[in-house]
Every structure is written in C-alpha cells, then in structure tokens.
Amino acid sequence: MKLLFLTMLSLAFCVEGLAQNAAGETAVRQAVKSFYTAFDNGFTGEIKFATEDWNHINPYGGWARGRENVLKEVREVHTTFLKGVSDTVEDMSMRFATRDVAVVTVTSVMSTFVTPDGVKHENERHIRTFVVVKRGSRWLVMQDQNTAIGGQR
C-alpha cells in the first residue's frame with residue numbers, strides 16, 4: 001500500500017510538471033509571436049513582449065542594449081529600408097533552460113527589401129535565437145540575435 005501511495009504521489013508531480021511546461025511553452029511561443037507581429041507592424045505602438053533590459057543583435061552585428069535603445073534602432077530601420085517588410089515564421093523550436101528561462105530558435109522568410117548599400121534581398125531566410133524569461137507571471141523576450149542564413153544568392 002505504501003508503494004502504491006508513493007507511486008501515485010510521484011505521478012501526480014509528473015503530471016503537474018508537464019501541465020506547467022505546456023502552459024509555459026504556449027506563453028513563451030506567444031511572446032515570440034508578439035515580436036514578429038510587432039516586426040510586421042514596424043514596432044509601432046506599445047511593446048509588451050520585451051523586458052526593460054532587452055538586448056538585440058541585428059544581422060549586421062549591431063548590438064542595442066535596453067528596450068528603449070532597441071526600439072529606437074528597430075523603429076528607425078522600419079521607417080526606412082524595412083518599411084512595410086514582413087518576416088514570416090517557418091519553424092519555431094524551444095527548450096527550457098530552467099523553469100523561468102527558455103531558448104527559442106526561429107527560422108523565417110523576409111519579404112523583399114533593399115539595404116542602404118543598394119543590395120536587394122528577396123525571400124531571404126533568417127535564423128533568430130531568443131532568450132525568453134519569466135518575470136512575475138509573464139514570459140518576456142530578454143534577448144534576440146538575428147542572422148541571415150548564408151548561401152541564398
């Protein structure tokens with residue numbers, strides 16, 4: 001009887017842990033999807049998916065630190081050469097580093113744009129890594145790094 005009780009207790013903890021991961025995974029994915037929605041809208045409006053200490057590394061190696069600085073940078077490029085450009089998620093995978101930290105890797109395809117140096121980018125694929133953290137009851141993007149996938153020309 002004691003063995004049965006311990007087995008049932010162990011199973012209860014496993015089920016609870018799985019339920020928390022499923023809910024956490026949904027919330028993490030939503031934070032990342034909110035990033036892409038904001039991207040497609042030029043990062044206008046209030047940004048609720050990111051931490052105050054958000055770090056952003058762009059595909060050209062620039063590094064913006066702090067949400068206000070990141071927003072200044074991304075809003076600037078979205079009013080110039082990325083104006084009207086969309087970034088469509090192809091695949092999203094995630095892993096929990098801890099109960100409060102997830103790493104998300106996304107591949108996506110951007111619509112056509114021309115960089116300031118005159119280079120036209122068509123159907124360019126990107127891979128982006130996000131670090132998403134739980135702050136209070138919310139999952140928020142704390143870091144992202146974007147890289148163009150090579151060998152596309």
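In this predicted model, asparagine 55 sits across from glutamine 143, a residue of strand 8. Asparagine 55 also has a bridge partner in strand 2, namely arginine 65.

Those contacts fit into a wider pattern of strand pairing. Strand 1, covering residues 50-57, lines up with strand 8, residues 138-148, in the parallel sense, and four bridges hold this pairing in the count. With strand 2, residues 63-65, things run the other way: strand 1 and strand 2 are antiparallel, joined by three bridges. Strand 1 is also mostly tucked out of sight, with six of its eight residues buried.

The turn between strand 1 and strand 2 is worth a look too. The two strands make a hairpin with five residues between them. Within this hairpin, glycine 61 takes up a positive phi, near 95 degrees.

Next comes the largest pocket. Its volume works out at about 240 Å³, and 18 residues line it. Nearest the centre of this pocket lie His56, Asn58, Pro59, Val77 and Leu82. Helix 1 (2-40), helix 2 (67-78) and strand 7 (124-135) are the elements that each give two or more residues to the lining. Helix 2 supplies the largest share, with four residues. As for chemical character, the lining splits into 11 nonpolar residues, five polar ones and two charged ones.

How values were computed. Residues are numbered from 1 along each chain as its sequence is written. This is a predicted model: local features need pLDDT of at least 70, side-chain atom pairs count only at pLDDT 80 or more; totals for chains, interfaces and linings use all residues. Side-chain values use heavy atoms; hydrogens and water are left out. On a 1 Å grid over the protein atoms alone, a cavity is a set of points where a 1.4 Å probe fits but cannot get out, and a pocket is an open set with protein on both sides within 12 Å along at least five of seven lines; lining residues have an atom within 4 Å of a point. Grid points are joined across faces, edges and corners, and a volume is the space filled by probe spheres set on the points. Ala, Val, Leu, Ile, Met, Phe, Trp, Tyr, Cys and Pro count as nonpolar, Asp, Glu, Lys and Arg as charged, and the others, Gly among them, as polar. Buried means under 20% relative accessible area, exposed over 50%, partly exposed in between (1.4 Å probe, protein chains only). Two strands pair if DSSP finds at least two bridges between them.
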